[in-house]
Amino acid sequence: MSQTTIQAVRGMNDILPDEAERWEALEDLLRSWLQSYGYRNIRTPILEQTGLFRRAIGEATDIVEKEMYSFIDELNGESLTLRPEATASTVRAAIQHNLVYGGPQRLYYLGPMYRHERPQKGRYRQFHQVGAEALGLPGPDIDAEMLLMCARLWGDLGIEGMRLELNSLGSAQERSVYRGALVDYLRLHASSLDEDSRRRLETNPLRVLDSKNPAMQEIITGSPRLLDYLGRESLAHFEGVQAIIADAGLPSRINARLVRGLDYYNFTVFEWVTDRLGAQGTVCAGGRYDGLFQQIGGKAVAACGWAIGIERLLGLMDGAPVAGSRPDAYLVNQGVEAERFAFRVAELLRDRGFSVLHHCGGGSFKSQMKRADASGAAVAVIVGDDEARAREASIKPLREAREQFRVNMDAIADAIAQLLYEDETE
Ligand code: ATP
Ligand code: MG
């Protein structure tokens, strides 16, 4: 009887070992980069109450309207959602645990997010973000630091051609005056609006500016500019950010139509974009969201953050060399006594900090040596019954033309250390 095979869910990818090695290397680098700016890890659940995202992200957004994986927990009737992003969860956790009580917090997260979108290159239904949130810091200094730290990351990763686009959304009050002007303008052009925009005109007119439809671009370009509606405080904040990044020599472009797809932003918003990823050109997006804490039931706390799409970041690093996980030693063993003794040798080497790939499953010396070679290990440590009885092992350097030699078990680790150390200084 044949059964159809079960495949992964559409838009959700397996990350196989060769690729996973690149992920791990990148994650290591991201962690030390974040730590070097004082960010500490926070890990929130992948499932949250649906109401959290509705309140935080906003009803009239792509995410809440059509991208959330929501379901009813049949055991208690609760509506739950797989997190589409992690800012809402981070703020929820900060409120729940009173994190900002002791002073500002710099937090980061790294993990999977879920959005029911049409899968294509650079756009998946399970994707990954690394993100940072600075909580309790109201000034333009932290906004600017976040931009400088991103610029440093592109440099560290050797990524060229990243452009920074900046805008300010001002305060809620300024935005509401602007919204009136924008709606008046869009109503004049109502007949040329696409269906999405006509709907947004009623629910969330600023989001019309976020339209990706090329046919809408002319209307968008002619629309009033939010920047022209900003008051003194908003402008001073925005100028503060620009002054710091200009001092650091970081180029940026003001994009007066940059509004971001989520409702919770105010003041600074930004995107890092590239031409190298086709339609999915935004690698990093973020901004300030001083209203979010109150929106989800906390006291007012100033906050600023960004998120980077890991798949898109890796897409820019194609071909970049990443240290693979080659074992130091491959342990060849054959014979009844040898198989038992091999475990002592393996653990002894691991005690000394070496990575050991222990050959399991038997087979001829010849086939084991082939595996040793294919593993990329620097040396093969060979144990036969002869060696086992003598409490010795043979060592065969695999990456250079050198004779095999035999040493006592107490000397194996030193012999390998010497070989590896010599390799490095050559
Ligand atoms: P887009 O306009 O491309 O849909 P967005 O505004 O919805 O992006 P954000 O919510 O700001 O994206 O997420 C921040 C970053 O996460 C994006 O810039 C992108 O790099 C990445 N990202 C967002 N959605 C996806 C996805 N479905 N697949 C892969 N990466 C994604
Ligand atoms: Mg989106």
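This is a short talk on a ligand site, two helices and one buried residue in the structure above.

One thing before we start: the model is predicted.

Let's begin with ligand 1. How many residues surround ligand 1? There are 17. The closest are Arg115, Glu117, Arg123, Tyr124 and Arg260. By class, the shell holds seven nonpolar residues, four polar ones and six charged ones.

Now some individual contacts. Tyr124 offers a polar backbone atom, 2.9 Å from a nitrogen atom of the ligand. Gln129 uses its side chain: a polar atom there sits 3.0 Å from a ligand oxygen. Val283 works through its backbone, with a polar atom 3.2 Å from an oxygen atom of ligand 1. How much of the ligand does the protein bury? On its own, ligand 1 exposes 590 Å², and the protein buries 91% of that.

Where does the shell come from? Three elements give two or more residues each: strand E6 (126-135), strand E10 (282-288) and strand E11 (303-309). E10 gives the largest share, four residues.

Next, helix H6, residues 172-188. Let's check its length. It has 17 residues, and at 1.5 Å a residue they should span 24 Å. The end C-alpha atoms are 24 Å apart, so the two agree.

Which residues of H6 are buried? They are Glu174, Arg175, Tyr178, Leu182, Val183, Tyr185 and Leu186. These residues cover an arc of only 165 degrees around the axis, so they lie on the same side of H6. Here is the background. An α-helix has 3.6 residues a turn, so residues three or four places apart point the same way. Look at the other side of H6 and you find Gln173, Val177, Asp184 and Leu188, which are exposed.

On to Asn333, which sits in strand E12, residues 329-334. Is Asn333 buried or exposed? Its relative accessibility is 4%. Buried means under 20%, so Asn333 counts as buried. Its side chain also makes a contact: it reaches the backbone oxygen of His359 at 3.1 Å.

Last stop: helix H12, residues 336-351. Same length check. Its 16 residues, at 1.5 Å each, should span 22 Å. The end C-alpha atoms are 24 Å apart, which agrees. Buried in H12 are Ala338, Phe341, Ala342, Val345, Ala346 and Leu349. Just after the helix comes Gly353, with a positive phi of about 95 degrees.

To recap: the protein buries 91% of the area that ligand 1 exposes alone, and the buried residues of H6 share one side of the helix.

Note on methods. Residues numbered from 1 in each chain as written. Chains lettered and ligands numbered in written order. Predicted model: local features only at pLDDT ≥ 70, side-chain atom pairs only at ≥ 80, totals over all residues. Heavy atoms only, no water. Near = heavy atom within 4 Å. Polar contact = N/O pair within 3.5 Å; in protein donor to acceptor, adjacent residues only side chain to side chain. Areas by Shrake-Rupley, 256 points an atom, 1.4 Å probe, with all protein chains shown as cover. Nonpolar A, V, L, I, M, F, W, Y, C, P; charged D, E, K, R; others polar. Expected span 1.5 Å × (residues − 1). Buried < 20%, exposed > 50% of the residue type's maximum accessible area, 1.4 Å probe, protein only. Arc of directions from axis to C-beta.
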